[in-house]
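Work through the exercises below with the model open. Each task is followed by a solution in steps.

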Amino acid sequence: MGKGQPSYTDEEFVAAIRRGDDRALAHLYRLHLPMVLHFVQQNSGTEDEAKDVYQEGVMVFYEKVREGSLELSCQIKTYLYAVCRRLWLKRLAEKSRFGVRLEDHEPYLETGAEADLALAEERDRRLATMAEALERIGEPCRSLLEGFYLLDKSMQQLTADFGYTNADNAKNQKYKCLVRLKKLFFTHYQEEELS
Amino acid sequence: MKTEADYYELFEAYQRGELDASTRAELESRLAADPVFARRYADFEALTGTMRAYGHRLATRRKLQTIQAELDAEQAAASEVRETGIPSMPKVYISPVERKLRDFWNGYRATIAVAASVAVLAVFATLLGIEWWRAAQRPSTYGYTVLRREMDRIKRNQRAINRAINQIDGTKSPEELNPGKFGGTGFALTSDGYMVTSYHVIQGADSLLIEGRDRQRYRAEPVFSDVAHDLAILRINDKKFKSFGRLPYAFKRGAADLGERVYTLGYPREDVVFGEGSLSARSGFEGDTGFYQISIPVNPGNSGGPVLDDRGNLIGIISGKQMDVQSAAFATKSSYLMRLVDSLSAANSGPTYNMPRTNQLYGTSRAQQVRKLQDYVFVVKVYE
């Protein structure tokens with residue numbers, strides 16, 4: 001750690017990450033990893049599980065910051081701890097038939113992280129449905145849509161990649177794929193909502 | 001008629017702001033007016049929005065994984081440097097098995113600790129419980145203790161040596177082979193072979209042997225026993241036996257006085273032992289009125305011994321002592337012995353008891369009394 005990296009305050013972290021500063025993100029990630037590692041390993045988890053949970057927690061934080069909807073009422077450290085604690089509790093409950101009791105070593109406060117997590121879970125569900133829909137749509141639609149929306153490739157490049165005669169053909173194909181994806185996505189998404 | 005794909009093209013162009021002003025105004029007015037059309041646009045937005053969010057999510061995850069990978073690589077490098085940096089510290093290699101064991105230990109430490117403590121507790125509770133139970137089976141550890149003597153091993157060895165010597169002499173005495181299981185004291189009741197001892201001395205006896213100061217042995221059999229007052233009457237049924245001669249002491253029928261000086265003779269060991277004290281109380285263990293409490297130091301083997309007062313009257317028979325009280329021995333009152341003898345005589349079928357009527361000890365000194373008395377006090381040996 002270190003290597004002459006600038007030290008940020010919490011506000012500076014949020015501002016930098018909102019700008020898309022990946023170095024700030026990396027720095028933040030390093031800063032609080034040991035805390036979560038310790039917490040999860042203390043509560044019958046392995047190092048790998050701890051890293052997983054931590055990445056998910058940082059992801060929640062990161063997405064909130066990028067959206068600009070984060071209302072931080074406490075330190076980032078406390079927020080991350082609350083999020084990761086909640087995530088680990090959930091995993092433990094899935095893993096174990098027994099009642100779960102956690103040993104806290106950081107002060108655990110009501111941080112609003114719970115509400116953020118509920119939103120994040122909803123979002124996770126939507127994204128999972130999307131991943132599934134993309135899985136089922138088949139080639140070449142999948143690559144085409146992924147190329148355009150996920151990887152931000154231009155239509156010209158995609159035309160060349162997929163061997164269409166011109167950009168209009170590619171475009172038409174893309175929209176047809178989009179209609180199919182829409183059907184797949186919404187039927188599944190609504191089914192899940194119902195169930 | 002436009003297909004859905006055509007609408008999507010339109011929507012995308014609208015999102016990117018590529019439409020000219022008139023088309024855009026038309027679209028916006030239609031969105032406001034037509035709910036089906038608006039719904040279609042909302043779906044489109046949700047779809048593309050979700051897809052972009054999914055793209056961002058994948059990118060973020062890659063980013064975080066890259067950071068983590070960098071961290072891991074750094075740590076690996078750092079640990080290598082540390083290992084080589086300190087030569088005195090050997091490189092620690094943790095095998096997968098050991099890693100698993102460590103994880104297991106970290107995870108289940110608390111459970112293991114609880115299980116171990118429960119096991120230890122259970123073991124000790126069981127041991128303690130057994131100990132208590134066994135203590136409960138032996139009620140006389142504290143409180144009342146009867147005073148019959150278990151023949152110990154030292155005596156057995158001594159006898160073995162004696163026997164060897166006897167065999168060298170050419171004389172053989174088969175009775176010496178078995179020293180008996182228990183021992184007590186007894187004394188003559190009548191001159192024609194009736195004796196008194198404590199009931200607990202002869203309890204469970206197969207055969208009895210009486211041995212006097214002159215090492216003369218007689219076989220005996222129990223005639224009657226009174227468990228409540230711990231009394232037993234024996235009769236010598238041995239052909240060698242002639243008579244005790246005239247008994248020097250008399251039996252007291254009434255109650256003795258508190259504070260009277262009393263003494264006893266008995267066989268707590270091989271030789272006859274004299275013990276003296278006072279009559280401390282007119283009731284025995286836990287207020288038993290059949291007994292006196294006397295302050296004579298007594299030992300196992302004293303049981304059944306006579307208790308006499310200054311004037312040479314027999315006032316009691318040693319029975320037991322209280323372990324947790326200093327020098328508190330108990331003796332059956334002679335009045336109960338007299339009552340027992342009277343009731344046995346009264347029964348027509350029973351033999352007659354010629355009790356001594358005169359007291360030859362009266363007025364003589366203590367030493368003279370003991371000298372006369374010791375010929376009438378015997379060891380009672382019990383074989384089971």
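Two strands pair if DSSP finds at least two bridges between them. The model is predicted.

**Exercise 1.** Find how β9(B) and β10(B) pair, and over how many bridges.

Solution. Take strand β9 (residues 261-266) of chain B and strand β10 (residues 273-281) of chain B: they pair in the antiparallel sense over 6 bridges. Next, look for facing residues: Leu265(B) stands opposite Phe274(B) in β10(B). Finally, check the connection: β9(B) and β10(B) form a hairpin, with 6 residues between them.

**Exercise 2.** Follow β10(B) to strand β11 (residues 291-294) of chain B and give the sense of the pairing.

Solution. The two strands are antiparallel, with 2 bridges. In β11(B), Ile294(B) is the bridge partner of Leu279(B).

**Exercise 3.** Identify the bridge partners of Val307(B) in β9(B) and in β13(B).

Solution. Start with β9(B), which runs antiparallel to β12(B) and is joined to it by 3 bridges; here Thr264(B) stands opposite Val307(B). Then turn to strand β13 (residues 313-322) of chain B, also antiparallel to β12(B) and joined by 3 bridges; in β13(B) the partner of Val307(B) is Gly316(B). β12(B) and β13(B) form a hairpin with 3 residues between them, and Gly312(B) in the turn has a positive phi of about 85°.

**Exercise 4.** Sort the residues of strand β12 (residues 306-309) of chain B by the way they point, and decide whether they are buried or exposed.

Solution. Pro306(B) and Leu308(B) point one way, Val307(B) and Asp309(B) the other. All of them are buried.

How values were computed:
Residues numbered from 1 in each chain as written. Chains lettered and ligands numbered in written order. Predicted model: local features only at pLDDT ≥ 70, side-chain atom pairs only at ≥ 80, totals over all residues. Helix = DSSP H or I, 4+ residues; strand = E, 2+ residues; numbered from the N terminus. Buried ≥ 20, exposed ≤ 12 C-beta atoms within 10 Å, placed from the backbone.
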